[in-house]
Amino acid sequence: MSISTQALGVTALSIHIKGGKSLLDDVSFELNAGEVLAVIGPNGAGKTSLLKALSGESVSADEQCSGKISYADRLLEAWPQAERAQQLAVLPQLSLLNFPYTVEEVVQLGRIPHSTGQRVDGELVGQALAQLDLNDLRSRLYTELSGGEKQRTQLARALVQSGCPDKQRYLLLDEPTASLDLGHQQQLMQAIRQLASQGVVVVIILHDVSLAARYGDKLLALKKGKVLAFGSAEDVVTESVMHELYDVDVKVMPHPETGKPVVLGV
């Protein structure tokens, strides 16, 4: 399996709206194979704009984009879309699907870019359903699910789309835990850590800073489109950075078991 060490590089990425407002301003970072990057910051910080740029989503007519995004030393714009779809899976904040597909059929949609055959596809779909506690829902209609169940189904679809083990794989997730209960949040994040252990690069937007600190190898703190801090959880989740990022006073303490920083209100 030939996987480049530096799997994702972002250099001086900026997105400006005509008229002067900046969505992103000079954002740079690097990720290695198997790393999870948790992106944190207040509303309007540029988190979703960053994820859209990383996914290759076209900027609108009133936006100007500059900088460089490279995947395994290949520029994003030079990456053929068909090949990109086999290696890069995206879970947006809102997934609109109103067709009466079953949960299993929705998850199977993730295999459309691949030509791996029914047996392999079935195995990957089965693994994803089990990972996200969806086996009992596999025959339910997607349109009848709760918000959290829909979110887990869409994540399972993204997991099977990135199932291309002979190539570097990427997963971009925009607030996947937002509508999940505590148990399913933990289950989802553990599934993401398992993927990372297989070499998958994960970029995930999270509002829960303690959750980001526990599961992220690196954290990126954005404020008003600029990088306020980037590095390990211990470097980013400090009382001074949290105050500057969210304009609120907090206490930061190490978790009694993991040692990772936990944010407490005061």
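Colleague: Which backbone nitrogen does the side chain of Ser-14 reach?

Modeller: First the criterion: a polar contact is a pair of N or O atoms within 3.5 Å; within protein, one must be able to donate a hydrogen and the other to accept it, and residues adjacent in sequence count only if both atoms are side-chain atoms. Here the side chain of Ser-14 reaches the backbone nitrogen of Asp-26 at 2.8 Å. The model is predicted: local features need pLDDT of at least 70, side-chain atom pairs count only at pLDDT 80 or more, and totals for chains, interfaces and linings use all residues. Residues are numbered from 1 along each chain as its sequence is written, and side-chain values use heavy atoms, with hydrogens and water left out.

Colleague: Is Ser-14 buried or exposed, and which residues does it touch?

Modeller: Buried means under 20% relative accessible area, exposed over 50%, and partly exposed in between, with a 1.4 Å probe and protein chains only. Ser-14 has 7% and is buried. For touching, the criterion is heavy atoms within 4.5 Å. Leaving aside residues up to four places away in sequence, Ser-14 touches Leu-24, Asp-25, Asp-26, Gln-64, Cys-65 and Ser-66.

Colleague: In which strands do Ser-14 and Asp-26 lie?

Modeller: Helices (H or I, at least four residues) and strands (E, at least two) are DSSP runs, numbered from the N terminus. Ser-14 is in β1, and Asp-26 is in β2. Asp-26 is partly exposed at 49%, and has a positive phi of about 60° although it is not a glycine. Asp-133, in the loop between α4 and α5, also shows a positive phi of about 60° without being a glycine; its relative accessible area is 43%, partly exposed.

Colleague: How do β1 and β2 pair, and what is the strand order of their sheet?

Modeller: Strands of a sheet pair through backbone hydrogen bonds, either parallel or antiparallel. Two strands count as paired if DSSP finds at least two bridges between them. Strand β1 (residues 6-17) and β2 are antiparallel, over seven bridges; in one of these, Leu-8 is matched with Leu-31 of β2. The open sheet has four strands in the order β2-β1-β4-β5, with antiparallel pairing. β2 (22-32) and β5 (74-75) stand at its edges with a single partner strand each, so one side of each is left without a neighbour in the sheet.

Colleague: Which helix lies across β1, β2 and β4?

Modeller: Angles run from 0 to 180 degrees between N-to-C directions, and axes are lines fitted to C-alpha atoms, for helices over the stretch in contact. Helix α1 (residues 47-55) lies across these strands and runs at about 120° to β1.

Colleague: Which strands pair with β9?

Modeller: β3 runs parallel to β9, joined by four bridges, with Val-39 opposite Leu-220. β10 (residues 226-231) is antiparallel to β9, over five bridges, and there Leu-219 has Gly-231 as its bridge partner. The hairpin of β9 and β10 has two residues between the strands, and Lys-224 in it takes a positive phi near 55°. As for cover, five of the six residues of β9 (218-223) are buried.

Colleague: On to helices. Which residues of α6 are buried?

Modeller: An α-helix has 3.6 residues a turn, so residues three or four places apart point the same way. In α6 the buried ones are His-184, Gln-185, Leu-188, Met-189, Ala-191, Ile-192, Leu-195 and Ala-196. They cover an arc of only 155° around the axis, taken from the directions from the helix axis to the C-beta atoms, which puts them on the same side of α6. On the other side, Leu-182 and Ser-197 are exposed. The buried residues pack against β3 (36-40), α4 (117-131), α5 (147-161), β7 (170-174), β8 (201-205) and α7 (209-215).

Colleague: What span should the 16 residues of α6 have, and which residue caps its N-terminal end?

Modeller: The expected span is 1.5 Å times one less than the number of residues. For α6 (residues 182-197) that should be 22 Å, and the end C-alpha atoms are 23 Å apart, which agrees. Asp-181 is the cap, with a side-chain oxygen 3.2 Å from the backbone nitrogen of Gly-183. After the helix comes Gly-199, with a positive phi near 100°.

Colleague: Which side chain makes a polar contact with that of Gln-154?

Modeller: That of Arg-157, at 2.7 Å. Gln-154 lies in α5 and is buried at 5%.
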